[in-house]
Amino acid sequence: MADPFDLEAYFKRIGFTGPPGADLATLTALQGLHVTTIPFENLNPLMGLPVELDPASLQAKLVGQRRGGYCFEQNAVFRDALTAIGFCAANLAARVRWMAPPDAPMSARAHMLLQVDLDDGPWLVDVGFGGHVLGAPIRMVAGVEQTAMGATLRLVDNGVLGLRLETLLPDGWQALYIFRLEPVFHADYVQANWSTATHPASIFVNGLMAERLTPEVRYSLFNRKFTTRWVDGWTEQRALIDAGDLACVLDEAFNLNPPAPAEAIWAKLPES
């Protein structure tokens, strides 16, 4: 039998003081604290390190260290925390459409997200979408604009493909991903994770992505480009100078203690 989830350690990691309940207020508080504290990052696949999905490894990395992870890690830890509290959380999988042209070929179902059922119905919960981290649960109702820590989002009925999650950007609505409300099993995630973490063409193998969201600001890092977006719309973007600059940004903006020296990470990053 697997060891039980260490809820006390998780609460300490994200700064939740409770008491918890299986309700929307707790769910919203936990998601906001999680994305503020535990950053999205893909340093393991970038540096050729394994991405383990067993509960002990996930707790050791995301809860026990100043590390983050990508969707399979982030949402698995969050699901286990929710389950330990008493929530009903189900696994889902999505096809990513973020920044893809509308006519681009459909991708594989390689993103993990959750459905959490509350008394008032189902909610989409996702703490691991690195292109646009979500700061709050989204009610699973199509056609209704909703807000989540500074972002405006909506679900759109995509016919046989299911539901499409979109966010409002300055130049219009942009799709994040498409998903169906059908069961997904751990074996599905294991296969998708292996491809995501090891395929020679995977974006997570070939470049660095990091994101952390707070109620005031969204920090994003793509290779050597560091972007800060404030909730009032002001954006600042700059190119990192060197490995020392990278180390400071990972520490101060992303609350990250990387698994390799900054010099080794810097050497892996494309210059543009």
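1. Let me start with the overall make-up: the protein chain contains nine helices and 13 strands. Its radius of gyration is 18 Å, close to the 19 Å that the globule rule gives for 272 residues, so the chain is as compact as a globular protein of that length. Please keep in mind as you read on that this is a predicted model. Along the principal axes, the C-alpha atoms fill a box of roughly 50 × 45 × 40 Å.

2. A few whole-chain totals may help you set the scene. Of the 272 residues, 52% count as buried. If you take the contacts between residues at least 6 apart in sequence, 56% of them join residues at least 24 apart. The exposed surface of the protein chain comes to about 12700 Å², and carbon and sulfur atoms supply 57% of it.

3. For anyone thinking about charges, the protein chain carries 20 positive and 30 negative side chains. The centres of these two sets lie 4 Å apart.

4. On cysteines, the structure holds zero disulfides. Two cysteines can be placed by their exposure: Cys71 is buried, at 7% relative accessible area, while Cys88 is partly exposed, at 45%. Cys71 counts as buried because its value falls under the 20% cut-off.

5. Helix 4 spans residues 55-63, and its buried residues are Leu58, Gln59, Lys61, Leu62 and Val63. What covers them? The cover over the buried residues of helix 4 includes helix 1 (7-14), strand 1 (40-41), helix 3 (43-46) and helix 5 (71-85). You may like to display these elements together when you look at helix 4.

6. Gly64 sits in the loop between helix 4 and helix 5. Is Gly64 buried or exposed? With a relative accessible area of 62%, Gly64 is exposed, because that value is over the 50% cut-off. Gly64 and Arg224 are 160 residues apart in sequence, and their C-alpha atoms are 28 Å apart in space.

7. Phe129 is worth a look in your viewer. Its place is in the loop between strand 4 (121-125) and strand 5 (138-139), and with a relative accessible area of 5% Phe129 is buried. Which residues is Phe129 in contact with, leaving aside its neighbours within four places in sequence? They are Phe40, Val96, Trp98, His111, Leu176, Tyr177 and Glu211. Phe72 lies 57 residues away from Phe129 along the chain, and the C-alpha atoms of the two are separated by 9.8 Å.

8. Phe179 is another buried phenylalanine, with a relative accessible area of 2%. Phe179 is found in strand 9, which covers residues 172-179. Leaving aside neighbours within four places in sequence, Phe179 is in contact with Leu92, Ala93, Ala94, Leu113, Leu124, Met140, Leu155, Leu161, Gly162 and Leu163. Thr228 is 49 residues from Phe179 in sequence, and the C-alpha to C-alpha separation of this pair is 29 Å.

9. Now some backbone geometry. Most residues other than glycine have a negative phi, and most peptide bonds are trans. Against that background, the peptide bond from Gly18 to Pro19 is cis, with omega near 5 degrees. Pro19 belongs to the loop between helix 1 and helix 2 (24-37).

10. Met149 is not a glycine, yet it has a positive phi of about 50 degrees. Where is Met149 found? The residue is in the loop between strand 6 (146-148) and strand 7 (151-157). At 21% relative accessibility, Met149 counts as partly exposed; the reason is that buried needs a value under 20% and exposed one over 50%.

11. Asn223 also has a positive phi, of about 55 degrees, although it is not a glycine. The loop that holds Asn223 runs between strand 11 (217-222) and strand 12 (225-230). Asn223 is buried, with a relative accessible area of 5%. Asn206 is 17 residues from Asn223 in sequence, and the two are 9.3 Å apart in space, C-alpha to C-alpha.

Technical notes
Residues are numbered from 1 along each chain as its sequence is written. This is a predicted model: local features need pLDDT of at least 70, side-chain atom pairs count only at pLDDT 80 or more; totals for chains, interfaces and linings use all residues. Side-chain values use heavy atoms; hydrogens and water are left out. A disulfide is a pair of cysteine sulfur atoms within 2.5 Å. Buried means under 20% relative accessible area, exposed over 50%, partly exposed in between (1.4 Å probe, protein chains only). Helices (H or I, at least four residues) and strands (E, at least two) are DSSP runs, numbered from the N terminus. The radius of gyration is taken over C-alpha atoms; the globule rule is 2.2 Å times the number of residues to the power 0.38. Contact means heavy atoms within 4.5 Å. Accessible areas come from the Shrake-Rupley method with a 1.4 Å probe; for residues, only the protein chains shown count as cover. Lys and Arg count as positive and Asp and Glu as negative; His and the chain ends are not counted. The place of a charge is taken as NZ of Lys, CZ of Arg, CG of Asp or CD of Glu.
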